[in-house]
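Hi everyone, thanks for coming. I'd like to walk you through a structure that may be new to you, so let's put it on the screen.

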Amino acid sequence: QVRLVESGGGLVHAGGSLRLSCVASGIDFNNYQMAWYRQAPGKQREWVSHITSDGRPNYADSLKDRVTISRDNTKNTVYLRMTALKPEDTARYFCNTVPIQPSWGQGTQVTVSL
C-alpha cells in the first residue's frame with residue numbers, strides 16, 4: 001500500500017523560506033518520478049514541480065524562480081525548497097508519484113503572512 005507523508009509546512013512571513021519533505025513508502029521509490037502539488041482554499045489542486053527518477057527537475061513557470069525540488073533515493077524522500085514566499089503561496093502542499101497514485105497523503109499546510 002502506497003503511503004505518502006508530507007511535512008515541513010508552517011506559518012512564515014512573506015519573503016521567508018521553507019523546505020517541505022515527503023516520505024514515500026510502499027513503492028519502488030527509485031523508479032518513480034515524484035511531484036509536488038498545492039491546493040489553496042477554494043481553488044483546484046495545481047502542479048508545482050516534478051523530478052525524474054534520476055533527478056531532473058521541472059517547474060511550473062510561475063514558480064520556477066522560487067522553488068527547488070530534490071530527492072534522496074536512499075531515504076525515499078522528495079523535497080521542495082521554497083524561497084521568497086508570498087501570501088499567494090498559502091496552500092496545502094501534497095506530493096505524489098508520476099503517474100499519480102489514487103491515494104493522497106494529508107499534505108502539509110503552508111501559510112504566508114504579510
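Let's begin with the whole chain: of its 114 residues, 43% count as buried, where buried means under 20% relative accessible area, exposed over 50%, and partly exposed in between, using a 1.4 Å probe and protein chains only. Please keep in mind that this is a predicted model, in which local features need pLDDT of at least 70 and side-chain atom pairs count only at pLDDT 80 or more, while totals for chains, interfaces and linings use all residues. Residues are numbered from 1 along each chain as its sequence is written, and side-chain values use heavy atoms, with hydrogens and water left out.

What is the chain built from? It has zero helices and ten strands; helices are DSSP runs of H or I with at least four residues, strands are runs of E with at least two, and both are numbered from the N terminus. As for overall size, a compact globule with 114 residues would have a radius of gyration near 13 Å, and this chain agrees, at 13 Å. That radius is taken over C-alpha atoms, and the globule rule is 2.2 Å times the number of residues to the power 0.38. The C-alpha atoms fill a box of roughly 40 × 25 × 20 Å along the principal axes.

Now to the sheets. One is an open sheet of four strands in the order S1-S3-S8-S7, with antiparallel pairing; two strands pair if DSSP finds at least two bridges between them. Strands S1 (3-7) and S7 (67-72) are at the edges with a single partner strand each, so one side of each has no neighbour in the sheet. Inside this sheet, S3 (residues 18-25) and S8 (residues 77-82) are joined by six bridges in the antiparallel sense, and leucine 18 sits opposite methionine 82 in S8.

There is also an open sheet of six strands, ordered S2-S10-S9-S4-S5-S6, and its pairing is mixed. Its edges are S2 and S6 (57-59), each with a single partner strand, so one side of each is without a neighbour in the sheet. S4 and S5 pair in the antiparallel sense over five bridges, and methionine 34 has isoleucine 51 in S5 as its bridge partner.

Which cysteines form a disulfide? Cysteine 22 is joined to cysteine 95, with S to S at 1.7 Å; the rule asks for a pair of cysteine sulfur atoms within 2.5 Å. Cysteine 22 lies in S3 and cysteine 95 in S9 (residues 91-98), so the pair ties together parts 73 residues apart in sequence. Both cysteine 22 and cysteine 95 are buried.

Let's look inside. The largest nonpolar core has 27 residues, and those touching the most other members are Met34, Trp36, Val78, Leu80, Met82 and Tyr93. Such a core is a set of buried Ala, Val, Leu, Ile, Met, Phe, Trp, Tyr and Cys residues joined through side-chain atoms within 4.5 Å. S3 gives the most to this core, with four residues. Leucine 80 touches, among others beyond four places away in sequence, Leu18, Trp36, Val48 and Tyr93, where contact means heavy atoms within 4.5 Å.

Finally, is leucine 11 buried or exposed? Leucine 11, in strand S2 (residues 10-13), is exposed, with a relative accessible area of 64%. Its C-alpha atom is separated by 4.7 Å from that of threonine 111, 100 residues apart along the chain.
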